[in-house]
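Here are some friendly notes to read with the model open beside you. Take them one at a time, and find each residue as you go.

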Amino acid sequence: LQGKEYELTFDLNAMAELEEKYDTIQNAIVELKKKKLSAVRAFVYACLKSNDETLSEHEVGKLVDINSFVDVEKAITSLMSESIEENELEDQKEKN
């Protein structure tokens, strides 16, 4: 983003940030699936804030321009898919 690499981290802190904003993680995902710009910004902010607490949501919004939006959206979708797959694998291991 803007010539700098950032690591998106979907950890407990990111999930808590989204939960505070949307009441539940499921609500946040619903908004993201609707491709709402505010939801994309909130996800990026929550994932970046885990690594850099000095960032504001407004600053994160400035980092994502029209040229990088599609890539950012794909990165979030990929991150969410990986997280869900990992949780499903963990659940299957616990059941066995």
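1. Let us start with a term. Helices (H or I, at least four residues) and strands (E, at least two) are DSSP runs, and they are numbered from the N terminus. With that in hand, look at Asp23, which sits in the loop between α1 and α2 (25-33).

2. A word on where everything comes from. The model is predicted, so local features need pLDDT of at least 70 and side-chain atom pairs count only at pLDDT 80 or more, while totals for chains, interfaces and linings use all residues. Residues are numbered from 1 along each chain as its sequence is written, and side-chain values use heavy atoms, with hydrogens and water left out.

3. Now the overall plan. The chain contains five helices and zero strands, and reading along the sequence gives the pattern α-α-α-α-α. Of the contacts in the chain with a separation of 6 or more, 63% are between residues 24 or more positions apart; contact here means heavy atoms within 4.5 Å.

4. Next, the surface. About 6,800 Å² of the chain is exposed, and carbon and sulfur atoms supply 48% of that area. Accessible areas come from the Shrake-Rupley method with a 1.4 Å probe, and for residues only the protein chains shown count as cover. Buried residues make up 32% of the 96 residues in the chain, where buried means under 20% relative accessible area, exposed means over 50%, and partly exposed lies in between (1.4 Å probe, protein chains only).

5. Please spend some time on the pair α1 and α3. The axes of helix α1 (residues 12-22) and helix α3 (residues 37-49) come within 8 Å and cross at roughly 145°. Axes are lines fitted to C-alpha atoms, for helices over the stretch in contact, and angles run from 0 to 180 degrees between N-to-C directions. The crossing of α1 past α3 is right-handed, a name used when the near helix is turned clockwise from the far one by less than a right angle; anticlockwise would be left-handed.

6. Which residues in α1 and α3 meet? From α1 come Ala14, Glu17, Leu18, Lys21 and Tyr22, and from α3 come Ser38, Ala39, Ala42, Phe43, Tyr45, Ala46, Cys47 and Lys49. By class, this contact of α1 with α3 has nine nonpolar, one polar and three charged residues. Ala, Val, Leu, Ile, Met, Phe, Trp, Tyr, Cys and Pro count as nonpolar, Asp, Glu, Lys and Arg as charged, and the others, Gly among them, as polar.

7. Glu17 in helix α1 is a good residue to click on. Not counting residues up to four places away in sequence, Glu17 touches Tyr45, Ala46 and Lys49. Glu17 and Tyr45 are 28 residues apart in sequence, yet 8.9 Å apart in space, C-alpha to C-alpha.

8. Helix α3 also passes a simple length check. At 1.5 Å a residue, its 13 residues should span 18 Å, and the end C-alpha atoms of α3 are 18 Å apart, which agrees. The expected span is 1.5 Å times one less than the number of residues. Buried residues of α3 include Val40, Val44 and Leu48.

9. Two loop residues deserve a look at their backbone angles. Most residues other than glycine have a negative phi. Asp23, however, has a positive phi near 80°, and Asp23 is exposed at 61% relative accessible area. Lys35, in the loop between α2 and α3, has a positive phi of about 60° although it is not a glycine. Is Lys35 buried or exposed? Its relative accessibility is 54%, so Lys35 counts as exposed.

10. Finally, try some distances between C-alpha atoms. Asp11, in the segment before α1, is 35 residues along the chain from Ala46, and their C-alpha atoms are separated by 9.1 Å. Asp52 lies in the loop between α3 and α4 (57-63), and its C-alpha atom is 9.8 Å from that of Glu7, 45 residues apart along the chain. Lys4, in the segment before α1, is 59 residues from Leu63 in sequence and 9.5 Å from it in space, C-alpha to C-alpha.
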